[in-house]
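Let's take a walk through this fold together, starting from a single side chain and working outwards to the sheet, the ligand and a few unusual backbone spots. Have the model open beside you as you read.

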Amino acid sequence: MHFIPEELDDYVVAHSEDEPALLRQLSRETYQKILQPRMLSGHYQGRVLSMISKLVNPKNILEIGTYTGYSALCLAEGIQKDGELHTIDINEELVDFQRKYFDASGYGKQIFQHLGDALEIIPKLEKTFDLIFIDADKENYSNYFNVIIDKLSTGGIILSDNVLWSGKVLETTFKKEDTSTPALIEYNALLKNDTRVETVVLPIRDGLTISRKV
Ligand SMILES: C[S@@+](CC[C@H](N)C(=O)[O-])C[C@H]1O[C@@H](n2cnc3c(N)ncnc32)[C@H](O)[C@@H]1O
């Protein structure tokens, strides 16, 4: 879904940073070989993630939902030299694909892959994070917030993807099988009302929220 006219959207992309060659290759291989390639962050959102990470200059980064590793590599661009990026995904078929690109990127030694359910893995990570990207199953966004908030440093940032869900967050009735839309509506309200964070929703791609821990 385009939140601004497609022509203007193209202009925005054309006047933003180019996509690095390795990420272009990763994206191409994802579209050729992996199911649901539209899940990948992509050129423009990737440059936004990279820019935010460079502004934050985090020591430790946590990502929930690695997929093929595109957003992890964008976030890694801002990490401190001795920092670590921990990224979690439940799909074991993606692990080798991710590692190939992590190692090719120069950030390989700083990136730690975790395989399994994020809600089980996060409590075992004994770290404080300065930047957290939530981009996994929408039904658990509120649960992810509740398990990560005490692991986020003061002044640290949570980025949450797909918070506008193609505009469906405006709906008031849902199909029985649609569990994502009500979960995202609940999550957006949680971020707005929780006094531990200040939050701004950006209408980028499918909606990207920035929340800063006060
Ligand atoms: C939208 S994709 C992530 C895209 C990636 N962040 C990017 O921008 O390239 C969501 C990922 O979350 C993973 N996922 C879904 N449920 C999960 C869970 N409970 N724990 C960990 N990962 C999960 C899926 O396997 C999928 O790879």
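Two residues are counted as in contact if their C-beta atoms, placed from the backbone, lie within 7 Å. Keep in mind as we go that this is a predicted model.

With that cut-off in hand, begin at I79, which sits in the loop between α4 and β2. Leaving aside residues up to four places away in sequence, I79 touches S53, P58, I61, L85 and Q110. Is I79 buried or exposed? A residue is buried if 20 or more other C-beta atoms lie within 10 Å of its own. I79 has 23 C-beta neighbours inside 10 Å, so it counts as buried. For a sense of distance, look across to N162: it is 83 residues from I79 along the chain, and the two C-alpha atoms are separated by 23 Å.

Two of the contacts of I79, namely I61 and L85, make handy entry points to the sheet. I61 belongs to strand β1, residues 60-64, and L85 to strand β2, residues 84-89. Follow β1 to begin with. Five of the five residues of β1 are buried, so the strand is largely enclosed by the rest of the structure. Both of its faces are covered: N60, L62 and I64 are buried on one side, and I61 and E63 are buried on the other.

What does β1 pair with on either hand? With β2 it pairs in the parallel sense over five bridges, and I64 of β1 stands opposite I88 in β2. Strand β4 (residues 129-134) also runs parallel to β1, and four bridges join the two. Here I61 has L131 as its bridge partner in β4.

Now move along to β2, which is linked to β1 by way of α4: the three make a right-handed β-α-β unit. β2 and β3 pair in the parallel sense, again with five bridges. Within that pairing, T87 has Q113 as its bridge partner in β3, while L85 stands opposite I111. To get from β2 to β3 the chain passes through helix α5 (residues 95-105), and this β-α-β crossover is right-handed too.

Step back and the whole sheet comes into view. Seven strands form an open sheet, ordered β3-β2-β1-β4-β5-β7-β6, and the pairing is mixed. Which strands stand at the edges? They are β3 (111-115) and β6 (197-202); each has a single partner strand, so one side of each is left without a neighbour in the sheet. On average, neighbouring strands of this sheet are turned by 15° against each other, direction ignored.

Next comes the ligand. There are 16 residues around it, and those that come nearest are S41, G65, Y67, S71 and A136. α4 (70-76) and β2 each supply at least two residues of this shell, so you meet again here the helix and the strand from the β-α-β unit with β1. By class, the shell divides into eight nonpolar, four polar and four charged residues.

Away from the ligand, have a look at a pair of helices. α7 (residues 141-148) and α8 (residues 180-193) pack at an angle of about 35°, and their axes are 8 Å apart. From α7, the residues Y141, S142 and F145 meet A183, L184, E186, Y187 and L190 of α8. This contact is made up of six nonpolar, one polar and one charged residues.

Finally, some loops deserve a visit. Most residues other than glycine have a negative phi. W165, in the loop between β5 (152-161) and α8, has a positive phi of about 45° although it is not a glycine. W165 has 20 other C-beta atoms within 10 Å and is buried. R205, in the loop between β6 and β7 (208-213), likewise has a positive phi, of about 50°, without being a glycine. With 19 other C-beta atoms within 10 Å, R205 is partly exposed.

The last stop is M39, found in the loop between α2 (21-33) and α3 (43-56). M39 has 18 other C-beta atoms within 10 Å and is partly exposed. M39 and K100 lie 61 residues apart in sequence and 19 Å apart in space, C-alpha to C-alpha.

Key
Residues numbered from 1 in each chain as written. Predicted model: local features only at pLDDT ≥ 70, side-chain atom pairs only at ≥ 80, totals over all residues. Pairing = 2+ DSSP bridges. Axes fitted to C-alpha atoms, helices over the stretch in contact; angles between N-to-C directions. Near = placed C-beta within 6 Å. Nonpolar A, V, L, I, M, F, W, Y, C, P; charged D, E, K, R; others polar. Buried ≥ 20, exposed ≤ 12 C-beta atoms within 10 Å, placed from the backbone. Right-handed = clockwise from strand over helix to strand, strands pointing away.
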